[in-house]
Amino acid sequence: MRTVTYGAACSLDGYIAGSGGAIDWLHFSRDVEDITAEYWTTVDAILMGRKTWEFAAAQGMSGEADPGSRSASNEATGIPTVATYILSRTLKESPPGVELVSADAAGFVKHLKEQPGKGICLMGGGELAGSLFEAGLIDEVSLNVHPVLLGSGVPFFRPQPRRTGLELEESRVLDGGCVLMNYRVRH
């Protein structure tokens, strides 16, 4: 069965974006580039909610060179071609190169996990992640914790209706004082 990984860079106080969507606090380094490049070789599907898609599109990550493009090559980004799914009940039209899933998100992800393929990346916001945690569909959590307290913004985790146990698989210091932590979800 395929693995769903929920991950992002976040502040020490647990935000993936500051107020107004600010990401000027993110630290990019060679080791993060290497980790990211290695990770993209292990996945062939991306899941994201509408808000994450809109944020990515506003950052210029839409069109033929984005991670969701189904073109034969994504040389502009260095990201291998992957299938991208936007899970949204409010979007009415699928952006080019992506598949819109308006039905039951948990049912869709459960079915996707049962299909042959590589890992599945759950990108961005906590609303979709919350529903997938509740359904027991997230297998791994990966955080690149940055040494900054944002005070407010978009939280990495939304309030959960139940406790979720995690097992630490890796922890290491990255350039800029960031800490990478990878956890396996205890189902």
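Three exercises with worked solutions follow.

The model is predicted: local features need pLDDT of at least 70, side-chain atom pairs count only at pLDDT 80 or more, and totals for chains, interfaces and linings use all residues. Residues are numbered from 1 along each chain as its sequence is written, and side-chain values use heavy atoms, with hydrogens and water left out.

**Exercise 1.** Find which residues have the most contacts inside the largest nonpolar core.

*Solution.* Start with the rule: a nonpolar core is a set of buried Ala, Val, Leu, Ile, Met, Phe, Trp, Tyr and Cys residues joined through side-chain atoms within 4.5 Å. Buried means under 20% relative accessible area, exposed over 50%, partly exposed in between (1.4 Å probe, protein chains only). The largest core has 29 residues. Leu47, Tyr85, Leu87, Leu122 and Ile138 have the most contacts inside it.

**Exercise 2.** Decide whether Thr5 is buried or exposed, and list its contacts.

*Solution.* Take the area: Thr5 has a relative accessible area of 9%, so Thr5 is buried. Next, the contacts (heavy atoms within 4.5 Å). Beyond four places in sequence, Thr5 contacts Tyr39, Ile120, Cys121, Leu122, Glu140 and Ser142.

**Exercise 3.** Work out what the salt bridge between Glu127 and Lys51 ties together.

*Solution.* Apply the cut-off: a side-chain nitrogen of Lys or Arg within 4 Å of a carboxyl oxygen of Asp or Glu. Glu127 and Lys51 meet at 2.6 Å, N to O. Glu127 lies in helix α4 and Lys51 in helix α2, so the pair ties together parts 76 residues apart in sequence. Glu127 also bridges to Arg158, at 3.9 Å. Glu127 itself is partly exposed, at 47%.

Definitions and conventions
Helix = DSSP H or I, 4+ residues; strand = E, 2+ residues; numbered from the N terminus.
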